[in-house]
Amino acid sequence: MTPTDGKELTWRGIILGVALTFLFTAANMYLGLKVGLTIATSIPAAVISMALLGLLPGSNIRENNIVQTVCSAAGALASVIFILPSLVIIGWWTGFPFWTSFLVCAAGGVLGVLFTIPLRRALVTQSDLPYPEGVAAAEVLKVGADMRAENPEAREGLLAVAYGALASAGLAIATAMRLAADGAHGVFRTGAVAATGYSFSFSLALVGAGHLVGISVGLAMLVGILIAWAGAVPLLTTMTPMHGDLASFVSGVWRNDVRFMGAGAMAVAAIWSLLRTMGPIVGGLKTMMRAQGRARDLVDRTDRDMPFPIILAIGVVSTAITTWLVWRFSGETGLTDSALLIALFSIPLILAGGFFVSAICGYMAGLIGSSNSPISGVGILATVGTALGLVVLFGGHDTKPLVAIALFITAILFAVACSSNNNLQDLKTGQLVAATPWRQQVALLAGVAAATVTVPVVLNLLGQAYGFAGAANLHTVTSQPLAAPQANLMAALAQGVIGGKLNWNLIEIGAVVGAGIVLLDEILHMAKLLRIPPLAVGLGIYLPMEATLPVVVGAVIGWLYNRSIRGERAKRLGVLVASGLIVGESLFGVINAGLIVGFNRDAPLALVSSDFSLPGPIAILGFAGLIVFLYGWLLRRARAA
């Protein structure tokens with residue numbers, strides 16, 4: 001079966017994708033509010049689609065691709081929970097108005113889809129970005145399609161995916177049952193006063209992501225980790241009075257100080273990356289405009305976007321909705337006289353800023369994967385920028401209304417960023433399976449619509465049941481509110497900027513570090529040596545070490561494996577095992593999230609109390625043993641081939 005056989009955009013594919021979107025959006029929202037992380041949904045959706053649609057006649061690889069494209073909106077728009085709860089935390093909202101929340105997500109999500117259409121050629125078709133999750137999803141889809149042809153290599157590929165999935169899911173299940181530690185953590189003194197720490201998550205999905213992103217990105221993230229934990233944290237702990245125990249002190253220094261340095265470094269790296277891609281972006285826009293002047297049947301199917309007049313019409317309607325939302329919200333804050341000016345101020349901010357963050361998020365997702373893309377870092381920059389603009393233009397008003405307006409406008413920008421963060425990953429998958437871009441873009445709009453219905457309903461449910469830590473008026477069913485770490489940070493940033501209490505020195509220091517990394521990367525490029533992507537360095541500073549160090553390990557393992565084998569078949573097997581590692585843990589993450597919500601317990605599968613912990617060396621041996629088994633099998637298959 002070739003990739004062009006069969007139908008592509010079908011009602012059954014859309015319906016299945018929408019149903020999975022409802023499920024995955026709810027699960028992702030709970031996890032994001034609880035631990036500050038969300039899971040990618042494209043790969044699990046592709047696996048489920050192949051299993052269900054494979055039972056029906058006429059299903060094919062491109063129809064399965066449409067299902068995962070629709071469902072990717074669950075992983076995308078669920079991230080809006082990183083900002084919307086901040087309005088409850090500052091005490092402006094007591095709940096989430098359905099239509100307001102719905103329209104914020106819908107208008108922002110649609111703009112995110114539209115902005116990534118001209119970016120497709122610049123960042124997908126004409127780019128060498130690795131797109132780890134997009135490639136992984138394509139490999140999974142190809143294996144499912146090739147199996148029908150009784151291809152021996154396809155059967156071997158499916159076995160590779162199955163081994164990786166079983167290994168990562170098995171380890172995740174053992175962790176959920178509290179029979180295995182989820183990682184290694186610790187802090188220690190590096191001198192009389194200085195201190196630092198380490199953390200490592202036993203996540204095989206992150207190891208698989210490292211294999212897919214490659215050695216260049218992996219080493220760049222290692223540089224960022226060293227800057228943060230071997231440099232900045234020890235230095236700042238000598239300059240900061242200690243409060244509480246050592247572990248809380250060290251983590252507080254990283255969270256409250258070093259992360260802002262990482263945000264500054266990412267800002268410079270993101271701006272530089274955008275400047276470097278402006279040529280291809282403009283070229284993509286020109287190509288799209290030229291294509292409108294030709295008959296659509298003369299444009300190759302695999303390079304055909306939505307018609308420009310339709311893009312323009314949808315964009316105008318979405319912009320009008322966002323402007324009306326800001327005008328109405330500003331009036332409700334009591335700033336009726338300035339509501340129209342604030343609404344007009346929001347138009348270029350949302351359009352120009354939205355396109356800017358779409359390019360940044362698309363580039364970062366292509367570089368390291370949408371799951372690891374620092375969407376909250378973009379939120380930091382958007383919050384600070386919006387708050388600064390309001391202070392300059394409307395600084396004479398009361399602080400609290402301006403803080404609320406800044407967070408509301410940022411929520412729209414964040415919806416744009418969330419949507420665009422995943423879109424190009426899906427379009428990369430589509431490119432690899434010979435899908436039709438305009439059909440994928442329609443599927444993305446359908447996914448946005450499904451996710452926006454889910455967001456306000458689930459937010460209100462979780463808010464009433466658990467509440468959010470730091471909220472001004474916390475009245476909930478349970479006594480343990482959800483942490484909502486990003487929403488608390490966004491609220492603190494907006495209040496700090498508008499109240500004049502933000503420490504700009506840390507962001508400026510990070511910007512200087514980012515500029516230095518950009519210069520180093522350009523020197524390495526001119527010398528034709530291994531490059532150090534500046535955005536990946538910023539990630540190493542900004543993200544928790546437990547989320548980045550396993551990626552570094554996976555990148556090194558993947559590099560060693562590729563140097564030990566010959567032939568594209570062996571390399572594809574490595575990609576499939578890495579894809580399986582992501583598939584298994586992602587699928588179980590979704591299932592476990594449903595169990596957590598359904599049983600209203602933090603650990604519904606736990607067999608022992610929280611006081612029980614597996615000895616560290618045994619947990620490390622289990623984690624390492626699975627890696628040795630998988631890559632040992634890979635090497636044996638590669639030699640046999």
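**Exercises on a predicted model**

**Exercise 1.** Find the residues through which helix 5 and helix 11 meet, and describe how the two helices pack.

Solution. Start with the contacts in this predicted model. From helix 5, the residues Thr100, Leu103, Val104, Ala107, Val110, Leu111, Leu114 and Ile117 take part. They meet Ile311, Ile314, Gly315, Ser318, Thr319, Ile321, Thr322, Trp324, Leu325 and Arg328 of helix 11. Next, the geometry. Two packed helices are described by the angle between their axes and the distance between the axes. For helix 5 (residues 98–125) and helix 11 (residues 308–332), the angle is about 145° and the axes are 9 Å apart. Last, the hand: the crossing of these two helices, helix 5 and helix 11, is left-handed.

**Exercise 2.** Determine which residues of the largest nonpolar core touch the most other members, and which helix gives the most to this core.

Solution. The largest nonpolar core has 120 residues, and Leu87 and Phe408 touch the most other members. Helix 14 (residues 399–432) gives the most to this core, contributing 16 residues. Now list the partners of Phe408, leaving out residues up to four places away in sequence: Leu87, Trp93, Thr100, Val104, Leu325, Val326 and Phe329. Among these partners, Thr100, Val104 and Leu325 also appear in the contacts of helix 5 with helix 11. Another core lies apart from the largest one; its 26 residues include Ala167, Leu171, Tyr561 and Leu576.

**Exercise 3.** Decide whether Ser216 is buried or exposed, and identify what its side chain contacts.

Solution. Locate the residue: Ser216 belongs to helix 9 (residues 215–239). Its relative accessibility is 19%, and buried means under 20%, so Ser216 counts as buried. Then look for polar partners: a polar atom of the Ser216 side chain lies 2.6 Å from the backbone oxygen of Arg531. Beyond its neighbours within four places in sequence, Ser216 is in contact with Leu530, Arg531, Ile532 and Pro533.

**Exercise 4.** Check the span of helix 15 against the expected value, then examine Gly467.

Solution. Helix 15 (residues 437–465) has 29 residues. At 1.5 Å a residue, helix 15 should span 42 Å. The C-alpha atoms at its ends are 41 Å apart, which agrees. Just after helix 15, Gly467 takes a positive phi of about 75°.

**Exercise 5.** Summarise the chain as a whole by secondary structure, burial and contacts.

Solution. Count the elements: the chain has 21 helices and 2 strands. For burial, 57% of its 641 residues count as buried. For contacts between residues at least 6 apart in sequence, 81% join residues at least 24 apart.

Notes
Residues numbered from 1 in each chain as written. Predicted model: local features only at pLDDT ≥ 70, side-chain atom pairs only at ≥ 80, totals over all residues. Heavy atoms only, no water. Helix = DSSP H or I, 4+ residues; strand = E, 2+ residues; numbered from the N terminus. Buried < 20%, exposed > 50% of the residue type's maximum accessible area, 1.4 Å probe, protein only. Polar contact = N/O pair within 3.5 Å; in protein donor to acceptor, adjacent residues only side chain to side chain. Contact = heavy atoms within 4.5 Å. Expected span 1.5 Å × (residues − 1). Core = buried A, V, L, I, M, F, W, Y, C linked by side-chain atoms within 4.5 Å. Axes fitted to C-alpha atoms, helices over the stretch in contact; angles between N-to-C directions. Left-handed = near helix turned anticlockwise from the far one by under 90°.
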